[in-house]
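I am opening a notebook page for a structure that is new to me. I want to look up its surface, its fold and its charged pairs, in that order.

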Amino acid sequence: MSARIATAEPLNLASAIIREPLVVSVETTAIDAIAQMSGVRAICDARQPDGSQLDRILHEARSSCVLVVDGDRLAGILTERDVVRLSAE
């Protein structure tokens, strides 16, 4: 049995890109970065209670990670999964 691969239309790929991701500096504490992630989700939920499904998905995606930068260079990424792992430790 062969695996069926769905092809994505260019429009769908373009809409999957988060144009304004959360960004913090390397000096930002993990707690502050997590607070920003939570804050975006809370603001988005309050503003878009009846928004489209795509809007909700994009807001969730934006709040699911934080890019960590050192000047103009990407130093890392903090994801929801990292938050769960840190909480468990």
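How much area does the protein expose, and what share of it do carbon and sulfur atoms supply? I looked this up before anything else, keeping in mind that I am working with a predicted model. The exposed area comes to about 7,000 Å², and carbon and sulfur atoms supply 56% of it. I then turned to the interior and noted that, of the 89 residues in the protein, 15% are buried.

**Entry on the fold.** I went through the secondary structure and found four helices and three strands, which follow one another along the sequence in the pattern α-β-α-α-β-β-α. I also looked up how contacts are spread along the chain: among those with a separation of 6 or more, 57% are between residues 24 or more positions apart.

**Entry on the sheet.** The three strands form an open sheet in the order β1-β2-β3, and I noted that the pairing is mixed. Which strands stand at the edges? I found β1, covering residues 23–25, and β3, covering residues 73–79, in those places, and because each has a single partner strand, one side of each is left without a neighbour in the sheet. I wrote down as well that neighbouring strands in this sheet are turned against each other by 35° on average, with direction ignored. Looking at one pairing in detail, I saw that β1 runs parallel to β2, which spans residues 65–70, and that three bridges join the two strands. Within this pairing, V23 stands opposite L67 of β2.

**Entry on the charged pairs.** I recalled that side chains of opposite charge can pair when their charged atoms come close. In this structure I found two salt bridges. One is formed by D82 and R85, whose closest N and O atoms are 3.5 Å apart. These two residues lie in helix α4, which spans residues 80–88, and since they are three residues apart there, about one helical turn separates D82 from R85. The other salt bridge is between the side chains of R85 and E89, with 3.5 Å from N to O. I noted that D82, R85 and E89 are joined into one network by salt bridges that share partners.

Is each member of this network buried or exposed? D82 has a relative accessible area of 19%, and because buried means under 20%, D82 counts as buried. R85, at 44%, is partly exposed, whereas E89 counts as exposed with a relative accessibility of 69%.

Methods: Residues are numbered from 1 along each chain as its sequence is written. This is a predicted model: local features need pLDDT of at least 70, side-chain atom pairs count only at pLDDT 80 or more; totals for chains, interfaces and linings use all residues. Side-chain values use heavy atoms; hydrogens and water are left out. Buried means under 20% relative accessible area, exposed over 50%, partly exposed in between (1.4 Å probe, protein chains only). Contact means heavy atoms within 4.5 Å. Accessible areas come from the Shrake-Rupley method with a 1.4 Å probe; for residues, only the protein chains shown count as cover. Two strands pair if DSSP finds at least two bridges between them. Axes are lines fitted to C-alpha atoms, for helices over the stretch in contact, and angles run from 0 to 180 degrees between N-to-C directions. A salt bridge is a side-chain nitrogen of Lys or Arg within 4 Å of a carboxyl oxygen of Asp or Glu.
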